[in-house]
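Welcome! Please take a look at the sequence and the structure below, and then let us walk through the fold together.

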Amino acid sequence: MKSLVTGAAGFIGSHLCEYLIEKGFEVVGIDNFMDYYPRSIKEASIADLRKHQNFEFVEASLVQVDLTKLLDGVDVVFHQAAQAGVRASWGQNFKIYSDNNIVATQMLLEACRERPVNKFVYASSSSVYGDTRDLPMRESSLPCPVSPYGVSKLAAEHLCFLYCKNFGIPAVSLRYFTVYGARQRPDMAFHRFFTWALQDKPLKVYGDGEQSRDFTHVDDIVEANWLALEKALPGEVFNIGGGSRITLNGVIEIIKEIAGRELEIDYQAKQKGDVRHTMADMTKAKEKLGYKPKVLIQEGLLTEYEWIRDLVEWSSS
Ligand SMILES: NC(=O)c1ccc[n+]([C@@H]2O[C@H](COP(=O)([O-])OP(=O)(O)OC[C@H]3O[C@@H](n4cnc5c(N)ncnc54)[C@H](O)[C@@H]3O)[C@@H](O)[C@H]2O)c1
């Protein structure tokens, strides 16, 4: 089996490539090293992959590359590439989001008409739900994103659905709930908290810290992609959560235990586009995919801490 992983040098994409290689797949990874965070972090994430004979890396943007050629011989697409991040998606930046999240997805789906694949797994987001009080969030609820990022992820999800309905592209969308673990993006809360804790700086928290998230470890996300490949029916949408819903203040208590000391917290104004709570109803993923998150938050946070400790040491050396 040959798979295409888009966003291969990113946080989730690089883990997914490693998993697929271990499963004996040939993997073509594409990434254009968007400058949202340092290229050096992404290069480090794929350094071992690049040495593997079953891994081919293409440095290019999905909106510029010859997609028909890229899809040559590919059986499965895992579409992880996107401009991520809720807070940066306002204003003029929206063009970056629409180009890389919406247009790129449409072009890739269109190319799959020429070069059919067995499965197209799209990395959607819990951001499509918006700020609902109707918890847990169910796939059957009407999505109502409250950030331009969420709108772009939902638009691409709709594109997956309509290319499935009209042209039989076997697309499946997985709505990831806040993903964490080693290689987490530097703009994400745990990455920032651990870095500040290691640098002896106060932890900046947007809002009162009582907002909660259904944090999902990257290993569980990767597993869900595999299950989607094996079991999901075309056109389906699934919530993929971690089953570890916790407030940011709760996370900080665990971080204090890991750091082994008290930490200073600097509470700041809530950011536009941030939702108050997320919580996945995973009944559908459980029943139809056999998905069950395995990594507990305490355990997952420790793996991320160890990775960030190495990163902080490496950056200061
Ligand atoms: N991390 C999370 O908590 C989370 C939650 C929900 C959904 N998602 C989705 O999961 C996917 C992966 O997110 P991540 O956190 O790993 O982000 P990331 O930024 O680490 O990875 C995305 C990668 O895609 C690449 N990319 C962007 N546009 C591209 C293009 N046009 N052509 C080629 N490469 C391109 C970037 O350079 C980047 O390396 C994204 O689709 C994101 O929307 C992530």
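A good place to begin is the loop between β5 and α5, where Pro 136 sits. The peptide bond that leads from Leu 135 into Pro 136 is cis, with omega near 0°. Most peptide bonds are trans, and most residues other than glycine have a negative phi. Keep in mind as you read that this is a predicted model.

**Two residues with a positive phi**

Two further loops hold residues whose backbone angle may catch your eye. Arg 183 lies in the loop between β7 (179-180) and α6 (189-198), while Asp 200 is found in the loop between α6 and β8 (203-206). Here they are side by side:

| Residue | Phi | Other C-beta atoms within 10 Å |
|---|---|---|
| Arg 183 | positive, about 80° | 22 |
| Asp 200 | positive, about 60° | 10 |

Neither Arg 183 nor Asp 200 is a glycine. Is Arg 183 buried or exposed? Arg 183 counts as buried because 22 other C-beta atoms lie within 10 Å, and the cut-off for that label is 20 or more. Asp 200 is exposed because its 10 other C-beta atoms within 10 Å fall in the range of 12 or fewer. A glycine also has a positive phi: Gly 24, just after α1, takes a value of about 90°.

**The sheet**

Now turn to the strands. How many strands form the open sheet, and in what order? There are seven, running β3-β2-β1-β4-β5-β6-β10, and the pairing is parallel. At the edges are β3 (55-59) and β10, each of which pairs on one side only. From one strand to the next, the twist averages 20°. Helix α5 (residues 148-167) packs on this sheet and touches β5, β6 and β10; the direction of α5 makes about 155° with that of β5.

Two of the pairings can be followed in detail. Strand β1 (residues 2-6) runs parallel to β2, with five bridges between them, and Thr 6 has Ile 30 of β2 as its bridge partner. Strand β6 (residues 171-176) pairs with β10 in the parallel sense over four bridges; here Arg 175 is partnered by Asn 239 of β10.

In a regular strand the side chains alternate between the two faces of the sheet. Strand β10 (residues 237-240) has both of its faces covered. Val 237 and Asn 239 are buried on one side, and Phe 238 and Ile 240 are buried on the other.

**Helix α1 and the ligand**

Helix α1 (residues 11-22) is twelve residues long. From its first C-alpha to its last, α1 reaches 18 Å, close to the expected 16 Å. Its buried residues are Phe 11, Ile 12, Gly 13, Ser 14, His 15, Leu 16, Cys 17 and Leu 20.

Which element gives the most to the shell around the ligand? That is α1, with three residues. Along with α1, each of β2 (26-31), α4 (94-114) and β5 (119-125) supplies at least two residues of this shell. There are 31 residues around the ligand, and those that come nearest are Gly 7, Gly 10, Phe 11, Ala 82 and Val 179. Sorted by class, the shell has 16 nonpolar, eleven polar and four charged residues. Phe 11 is a handy residue to look for, as it appears both among the buried residues of α1 and among those nearest the ligand.

Technical notes. Residues numbered from 1 in each chain as written. Predicted model: local features only at pLDDT ≥ 70, side-chain atom pairs only at ≥ 80, totals over all residues. Expected span 1.5 Å × (residues − 1). Near = placed C-beta within 6 Å. Nonpolar A, V, L, I, M, F, W, Y, C, P; charged D, E, K, R; others polar. Pairing = 2+ DSSP bridges. Axes fitted to C-alpha atoms, helices over the stretch in contact; angles between N-to-C directions. Contact = placed C-beta atoms within 7 Å.
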